[in-house]
Amino acid sequence: MYRPMKQEIISVLVKNRANVLTRVISLYGRRGFNIDSLTVSPTNNPELSRITIAFTATEKSMQQIITQTEKLEVVESIMLMDKDNSFYRELLLLRVNATKEERSAIKEIVDIYRAKVVSLDKDSMIIELTGTPEKLNAFIAMLEDFDVAEVCRTGVTGIEKKERGECGDD
């Protein structure tokens with residue numbers, strides 16, 4: 001039976017202690033999940049950290065991994081991010097090798113995407129862009145005709161437009 005896969009993003013509030021990230025992420029590896037994106041950040045409470053995990057799964061396996069994550073004693077709460085009610089952002093730093101003649105064409109693309117050149121030398125440019133993962137993917141695709149030397153992405157992070165309860169609550 002075919003089970004459609006879809007990408008989900010969850011936000012996990014965990015106790016701010018040593019090895020917490022390893023404990024949470026190893027659960028995903030042991031269950032055979034590939035993590036597409038992972039970010040960890042402090043919160044306004046110094047005792048808690050936020051782990052944002054993007055992964056691809058079937059509906060059934062997604063519910064199973066969320067339930068298993070909730071059972072970890074280091075987890076305070078877990079929330080499945082509602083794509084229609086959340087803001088997602090990711091940071092991209094990209095180095096593109098560019099001749100003097102190519103710079104203006106690259107700068108035009110940079111301006112259209114509201115990115116910025118953060119470093120420029122004779123042979124290359126470093127560009128910074130913040131946006132949705134889809135926007136970053138489109139920006140990288142626009143630069144395929146140039147010599148992209150290096151791409152560094154932070155991973156997706158997100159916040160809901162309105163606060164709600166733990167995973168599944170409305």
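**Note on the predicted structure, starting from Val14**

1. Val14 is buried, with a relative accessible area of 3%, which places Val14 well under the 20% cut-off used for that word. The model is a predicted one, and this residue is a convenient place to begin reading it. Val14 belongs to strand 1, and its bridge partner in strand 3 is Ser49. Leaving aside neighbours within four places in sequence, Val14 is in contact with Val20, Val24, Glu47, Leu48, Ser49, Ile51, Val74, Val75 and Glu76. Leu93 stands 79 residues from Val14 along the chain, and the C-alpha atoms of the two are separated by 28 Å.

2. For the chain in outline, the secondary structure comes to four helices and nine strands, and from the N terminus on these elements follow the order β-α-β-β-α-β-β-α-β-β-α-β-β. The C-alpha atoms fill a box of roughly 55 × 45 × 30 Å, taken along the principal axes. Of the 170 residues, 39% count as buried. Among contacts between residues at least 6 apart in sequence, 73% join residues at least 24 apart.

3. Strand 1, where Val14 is found, takes part in an open sheet of four strands, whose order is 2-3-1-4 and whose pairing is antiparallel. Strand 2 (35-42) and strand 4 stand at the edges with a single partner strand each, so one side of each is left without a neighbour in the sheet. From one strand to the next, the twist averages 15 degrees. Within this sheet, strand 1 and strand 3 pair in the antiparallel sense over 10 bridges. As a general matter, strands of a sheet pair through backbone hydrogen bonds, either parallel or antiparallel.

4. Two helices are in contact with strands of this sheet, and their directions can be compared with those of single strands. Helix 1 packs on the sheet and touches strand 1, strand 2, strand 3 and strand 4, while its direction makes about 15 degrees with that of strand 3. Helix 2 lies across strand 1, strand 3 and strand 4, and runs at about 160 degrees to strand 4.

5. Which residues have the most contacts inside the largest nonpolar core? This core has 21 residues, and those with the most contacts inside it are Ile10, Val12, Val24, Tyr28, Ile53 and Phe55. The elements that give two or more residues to the core are strand 1 (6-15), helix 1 (20-30), strand 3 (48-57), helix 2 (59-70) and strand 4 (75-80). Helix 1 gives the most, with five residues. Val24, not counting residues up to four places away in sequence, touches Val14, Ile51, Ile53, Thr69, Leu72, Val74 and Val75. A second, separate core of 16 residues includes Val96, Ala115, Met125 and Phe139.

6. Farther along the chain, strand 6 (116-120) and strand 7 (residues 124-131) run antiparallel and are joined by four bridges. A hairpin of three residues connects strand 6 to strand 7, and Val117 has Ile127 in strand 7 as its bridge partner.

7. Two residues deserve a reviewer's attention for their backbone angles. Most residues other than glycine have a negative phi. Asn19, although it is not a glycine, has a positive phi of about 70 degrees; Asn19 lies in the loop between strand 1 and helix 1, and at 56% relative accessibility it counts as exposed. Arg114 likewise is not a glycine and has a positive phi of about 60 degrees. Arg114 is found in the loop between helix 3 (103-112) and strand 6, and with a relative accessible area of 74% Arg114 is exposed.

8. Which elements give two or more residues to the lining of the second largest pocket? They are strand 1, strand 2, strand 5 (86-97) and helix 4 (133-142). About 260 Å³ of space lies in this pocket. It is lined by 15 residues, of which the closest to its centre are Gln7, Ile9, Pro133, Glu134 and Val156. Helix 4 supplies the largest share of the lining, three residues. Strand 1 thus appears in this lining as well as among the elements that give two or more residues to the largest nonpolar core.

Methods:
Residues numbered from 1 in each chain as written. Predicted model: local features only at pLDDT ≥ 70, side-chain atom pairs only at ≥ 80, totals over all residues. Heavy atoms only, no water. Core = buried A, V, L, I, M, F, W, Y, C linked by side-chain atoms within 4.5 Å. Buried < 20%, exposed > 50% of the residue type's maximum accessible area, 1.4 Å probe, protein only. Contact = heavy atoms within 4.5 Å. Pairing = 2+ DSSP bridges. Axes fitted to C-alpha atoms, helices over the stretch in contact; angles between N-to-C directions. 1 Å grid on protein atoms, 1.4 Å probe; cavity = no way out; pocket = protein on both sides within 12 Å on 5 of 7 lines; lining within 4 Å. Points joined across faces, edges and corners; volume = space filled by probe spheres on them.
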